[in-house]
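Student: Please take a single part of this protein and look at it closely with me. Then tell me about its surroundings.

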Amino acid sequence: MSPRPAYHELHWIHAPEYLFGISISDTGQFFYETMNPAFERSLGISIEGNQKKAIRDCVNEEDAKSVCAFCDACLTEGRPVRFRQRLTLGGR
């Protein structure tokens, strides 16, 4: 077994950055499918099992619009998109 998957899992668990995975519904709504512990703590929620959370239900409207714009770009380009962004999470 390669040490690479273990490294990625440790990074996911211990990273101070907010990391997440997103899926899209048949109706075009974006959902957080997974998020790392740092992001869960900042939002005060937990994603367990197959539970998904609509992006617009988790962050403020400005942040949701921004995240969804990157998701739309992913669909338009037809490939994964990585991005770095500062979320306001209700603050400045």
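Tutor: We start with one residue, E40, and then widen the view.

First, some ground rules. This is a predicted model: local features need pLDDT of at least 70, side-chain atom pairs count only at pLDDT 80 or more, and totals for chains, interfaces and linings use all residues. Residues are numbered from 1 along each chain as its sequence is written, and side-chain values use heavy atoms, with hydrogens and water left out.

Find E40 in helix 2, which covers residues 37-43. Helices here are DSSP runs of H or I with at least four residues, strands are runs of E with at least two, and both are numbered from the N terminus.

Is E40 buried or exposed? E40 is buried. Buried means under 20% relative accessible area, exposed means over 50%, and partly exposed lies in between (1.4 Å probe, protein chains only).

E40 also carries a charge, since Asp and Glu count as negative and Lys and Arg as positive, with His and the chain ends not counted. Side chains of opposite charge can pair when their charged atoms come close. A salt bridge needs a side-chain nitrogen of Lys or Arg within 4 Å of a carboxyl oxygen of Asp or Glu. E40 has none. The nearest side chain of opposite charge is R41, at 6.9 Å.

What does E40 touch? Set aside neighbours within four places in sequence, and E40 is in contact with M35, I45, S46 and I47. Contact means heavy atoms within 4.5 Å.

Follow M35 next. Again leaving out residues up to four places away, M35 touches E40, along with W12, L19, F20, L43, I45 and I47. M35 also belongs to the largest nonpolar core, which has 14 residues. Such a core is a set of buried Ala, Val, Leu, Ile, Met, Phe, Trp, Tyr and Cys residues joined through side-chain atoms within 4.5 Å. Y32, M35, F39, L43, I55, V59 and V67 touch the most other members of this core. Strand 2 (30-35), helix 2, helix 3 (55-58) and helix 4 (61-77) each give it two or more residues. Helix 4 gives the largest share, four residues.

Now look for charges that do pair. The structure holds three salt bridges. In one, K52 meets E33 at 3.7 Å, N to O. K52 sits in the loop between helix 2 and strand 3 (53-54), E33 sits in strand 2, and the two are 19 residues apart. Both ends are partly exposed: K52 has 42% relative accessibility, and E33 has 38%.

R56 and E61 form another, at 3.0 Å, N to O. R56 is partly exposed at 42%, and E61 is partly exposed at 42% too.

E77 pairs with R79, with the closest N and O atoms 2.9 Å apart. E77 is partly exposed at 44%. R79 is partly exposed at 48%.

Last, step back to the full protein. It has four helices and three strands. Their order along the sequence is α-β-β-α-β-α-α. The C-alpha atoms fill a box of roughly 40 × 30 × 25 Å, taken along the principal axes. Of the 92 residues, 25% are buried. E40 is one of the buried ones, without a salt bridge.
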